[in-house]
Amino acid sequence: MPFKPSSKPGTNNSPVLEGLRVYKFHGIEFSVNGKEAIGDCPFCGKEQKFSVNTETSQYQCWAGSCKVSGNSTSFLKSFWEHCREETTNAEYDRLAEESGFLQPHAARAFGVVMSTLKNQWLIPGWNKDARLTGLYRYGRLKDNKDRWFSKLLVCPGTGHHLFNLQNYDTTKPIVDLCEGWRDGIAWYESLTLGTRAGKPFINDRSVLAVPGTNSFKPEWSKFFAGKTVNILFDNDHPVTNKDKTLEGAGLQGVKKVASILSSAPTPPETINFVAWNGSADQYSLDLPDSTDVRDYLKG
Ligand SMILES: [Zn+2]
């Protein structure tokens, strides 16, 4: 049901309301008046024309030339599409330079876009039905010593998602699973550029990525059913704390993914994982802790 904004939106900024958190995460600021929140439209830029029902999360822009509407889930896809149109080649050049990608095109193909509201990269996440229902921010936070660092931030209430499912091809027999969006891009790019017998490696394999080693969900198993799966998680050294030694996050993640996939209704044909430096284990102490696919490709 459409609803009309009041003629005089309230100016009191209430605490984050449940129905607004997806929009606020992506940088829209609201004034809230009862069930209604009003902000500037992220699509057309018109001030105080974008209204959200704080109970249903439905949004609508009341600017005559815009008239966008939807719910907080469809907002993510629409906002991603809007940002994709606005992201410039110069921005992709900068990301490639910073991240060690060979071509600016690689991040674009992966669906990464620059937010028009926050000057931060957005990474689209796909659900088990291959729909874009997640949109992560590569945001900046401060550590406990007040130093800035960059971190992948999950959009509140949306849970974890797979990366690069838009380039998944069910007919290809191999799936490579990377850790993190930037390793996913670098690996996807290298398989697109590298060839064997004149054919790009990507011809017989898909590249997917998870946000982190511990984020794999059983409902994603269908994308790996009957495939040869290669897990390319980082070379994380074991961690010793008070006489207790814990396996590194990479190895823990490999075991978790392998366990989920092998108990799926249709498990993969084979599950392999990268054994760093030819080690008998997943990790190698001869390589630095946290060595990843991008380090390997930089060689
Ligand atoms: Zn608008």
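**Exercise 1. Domains**

State into which domains the protein is divided, and how far apart the centres of domain 1 and domain 3 lie.

*Solution.* The division gives domain 1 (18-70), domain 2 (85-153) and domain 3 (165-298); these bounds come from an automatic or database domain assignment. The C-alpha centres of domain 1 and domain 3 are separated by 39 Å. The model is predicted: local features need pLDDT of at least 70 and side-chain atom pairs count only at pLDDT 80 or more, while totals for chains, interfaces and linings use all residues. Residues are numbered from 1 along each chain as its sequence is written.

**Exercise 2. A residue of strand 2**

Determine whether Ile38 is buried or exposed, and give its distance from Gly278.

*Solution.* Step one is the location: Ile38 is found in strand 2 (residues 36-39). Strands (E, at least two residues) and helices (H or I, at least four) are DSSP runs, numbered from the N terminus. Step two is the neighbour count. A residue is buried if 20 or more other C-beta atoms lie within 10 Å of its own, exposed if 12 or fewer, and partly exposed in between, with C-beta atoms placed from the backbone. Ile38 has 22 other C-beta atoms within 10 Å and is therefore buried. Step three is the separation: Ile38 and Gly278 are 240 residues apart in sequence and, C-alpha to C-alpha, 57 Å apart in space.

**Exercise 3. The sheet of strands 6 to 9**

Give the strand order of the open sheet, identify its edge strands, and describe how strand 7 is paired and covered.

*Solution.* The open sheet has 4 strands in the order 6-7-8-9, with antiparallel pairing. Two strands pair if DSSP finds at least two bridges between them. Strand 6 (113-114) and strand 9 (148-153) are the edge strands, each pairing on one side only.

Next, consider the partners of strand 7. Strand 6 and strand 7 pair in the antiparallel sense over 2 bridges, and Val113 has Leu122 as its bridge partner in strand 7. Their hairpin has 6 residues between the strands, and Asn119 in this hairpin takes a positive phi near 55°. Strand 7 (residues 121-126) and strand 8 (residues 132-142) are antiparallel over 6 bridges; here Trp126 stands opposite Leu132 in strand 8. These two strands form a hairpin with 5 residues between them, and Ala130 in the turn has a positive phi of about 60°.

Finally, consider the faces. In a regular strand the side chains alternate between the two faces of the sheet. In strand 7, Trp121, Ile123 and Gly125 on one side and Leu122, Pro124 and Trp126 on the other are all buried.

**Exercise 4. Two positive phi values outside glycine**

Locate Asp146 and Ser290, and classify the exposure of Asp146 and of Ser290.

*Solution.* Asp146 has phi near 65° and sits in the loop between strand 8 and strand 9. Asp146 counts as exposed because it has 6 C-beta neighbours inside 10 Å. Ser290 has a positive phi of about 70° and lies in the loop between strand 17 and helix 7 (293-298). With 14 C-beta neighbours inside 10 Å, Ser290 counts as partly exposed.

**Exercise 5. Helix 6 and its surroundings**

Compare the span of helix 6 with the expected value, and find which strands its buried residues pack against.

*Solution.* The expected span of a helix is 1.5 Å times one less than its number of residues. For the 14 residues of helix 6 (residues 249-262) this should be 20 Å, which agrees with end C-alpha atoms 20 Å apart. The buried residues of helix 6 are Gly250, Leu251, Gly253, Val254, Val257 and Leu261. They cover an arc of only 160° around the axis, which puts them on the same side of helix 6; the arc is that of the directions from the helix axis to the C-beta atoms. The buried residues of helix 6 pack against strand 10 (174-179), strand 14 (228-232) and strand 17 (270-273), where contact requires C-beta atoms, placed from the backbone, within 7 Å. Strand 10 also pairs with strand 13 in the parallel sense over 6 bridges, with Ile174 opposite Arg205 in strand 13. In strand 13 (residues 205-210), 5 of the 6 residues are buried.

Methods
Two residues are in contact if their C-beta atoms, placed from the backbone, lie within 7 Å.
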